[in-house]
Amino acid sequence: MNWIILVIAGLFEVAFAFCLGKAKETTGTEMYLWYVGFLITLVVSMTLLIKATQVLPIGTAYAVWTGVGAVG
């Protein structure tokens with residue numbers, strides 16, 4: 001189960017990178033909405049990563065998390 005949580009955390013890492021990129025491309029209210037999306041996905045990703053590292057080794061979990069993000 002923790003491996004699934006870790007992969008989902010990696011997918012949220014992709015989402016927060018995407019939101020940050022879109023926020024830099026836009027202006028006005030749309031920019032702020034992308035930043036809100038960035039903050040939400042960042043919090044979810046970090047929370048899931050913390051949950052997964054309670055059981056999995058931190059080095060392995062971080063490598064998988066960043067690997068999923070890099071592939072995404």
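Helices here are DSSP runs of H or I with at least four residues, numbered from the N terminus. With that in hand, Ile-8 is easy to place: Ile-8 sits in helix H1. Keep in mind throughout that what you are looking at is a predicted model.

## The overall picture

Let's start with the whole chain. There are three helices and zero strands, and reading along the sequence gives the pattern α-α-α. Helix H1 covers residues 2–25, helix H2 covers residues 28–53, and helix H3 covers residues 58–71.

How far does the C-alpha trace span along its principal axes? The answer is about 40 × 20 × 15 Å. The chain has 72 residues, and 26% of them count as buried. Its accessible surface comes to about 4,600 Å², with 74% of that belonging to carbon and sulfur atoms.

What about contacts along the chain? Take the contacts with a separation of 6 or more: 70% of these are between residues 24 or more positions apart.

## Where helix H1 meets helix H2

Now for some particular residues, beginning with Thr-41 in helix H2. Is Thr-41 buried or exposed? Its relative accessibility is 11%, so Thr-41 counts as buried, the cut-off for that being under 20%. Setting aside neighbours within four places in sequence, Thr-41 is in contact with Phe-12, Ala-15 and Phe-16. A polar atom of the Thr-41 side chain also lies 3.1 Å from the backbone oxygen of Phe-38.

Further along helix H2 you'll find Lys-51. Lys-51 counts as partly exposed because its relative accessibility is 44%. Which residues does Lys-51 touch, not counting those up to four places away in sequence? They are Asn-2 and Ile-5. Lys-51 can also be compared with Leu-6: the two are 45 residues apart in sequence, yet their C-alpha atoms are 8.4 Å apart in space.

Leu-33 gives another view of helix H2, where it also has its place. Leu-33 counts as exposed because its relative accessibility is 59%, and the cut-off for exposed is over 50%. From the C-alpha atom of Leu-33 to that of Trp-3 the separation is 31 Å, with their positions 30 residues apart along the chain.

## Aromatic pairs

How many aromatic pairs are there? The count comes to three. One of them is made by Phe-18 and Trp-34, an edge-to-face pair with 5.7 Å from centre to centre and 80° between the planes. This pair links distant parts of the chain, as Phe-18 belongs to helix H1 and Trp-34 to helix H2, 16 residues apart. Phe-18 is partly exposed at 47% relative accessibility, and Trp-34 is partly exposed at 22%.

Another pair is made by Tyr-62 and Trp-65. Why is this pair called tilted? The ring centres are 5.8 Å apart and the planes stand at 35°, so the pair is tilted: planes under 30 degrees apart count as stacked and those over 60 as edge-to-face, with the rest counted as tilted. Tyr-62 and Trp-65 are three residues apart in helix H3, so about one helical turn separates them. Tyr-62 is partly exposed at 47% relative accessibility, whereas Trp-65 is buried at 5%.

Here are those two pairs in brief:

| Pair | Centre to centre | Angle between planes | Kind |
|---|---|---|---|
| Phe-18 and Trp-34 | 5.7 Å | 80° | edge-to-face |
| Tyr-62 and Trp-65 | 5.8 Å | 35° | tilted |

## A salt bridge and a nonpolar patch

How many salt bridges does the count give? It comes to one. The side chains of Lys-22 and Glu-25 form it, at 3.9 Å from N to O. Both residues lie in helix H1, three residues apart, which is about one turn of the helix. Lys-22 counts as partly exposed, with a relative accessibility of 28%, while Glu-25 is exposed, with a relative accessible area of 61%.

That brings us back to Ile-8. Together with Met-1 and Ile-4, Ile-8 makes a nonpolar surface patch of about 330 Å². The relative accessible area of Ile-8 is 35%, so Ile-8 is partly exposed.

Definitions and conventions: Residues are numbered from 1 along each chain as its sequence is written. Side-chain values use heavy atoms; hydrogens and water are left out. Helices (H or I, at least four residues) and strands (E, at least two) are DSSP runs, numbered from the N terminus. Buried means under 20% relative accessible area, exposed over 50%, partly exposed in between (1.4 Å probe, protein chains only). A salt bridge is a side-chain nitrogen of Lys or Arg within 4 Å of a carboxyl oxygen of Asp or Glu. Contact means heavy atoms within 4.5 Å. Accessible areas come from the Shrake-Rupley method with a 1.4 Å probe; for residues, only the protein chains shown count as cover. A polar contact is a pair of N or O atoms within 3.5 Å; within protein, one must be able to donate a hydrogen and the other to accept it, and residues adjacent in sequence count only if both atoms are side-chain atoms. Rings of Phe, Tyr and Trp (its six-membered ring) pair if their centres lie within 6.5 Å; planes under 30 degrees apart count as stacked, over 60 as edge-to-face and the rest as tilted. Patches are made of residues with over 30% relative accessible area and no salt bridge: like charges are joined within 9 Å, nonpolar side chains (Val, Leu, Ile, Met, Phe, Trp, Tyr) within 5 Å.
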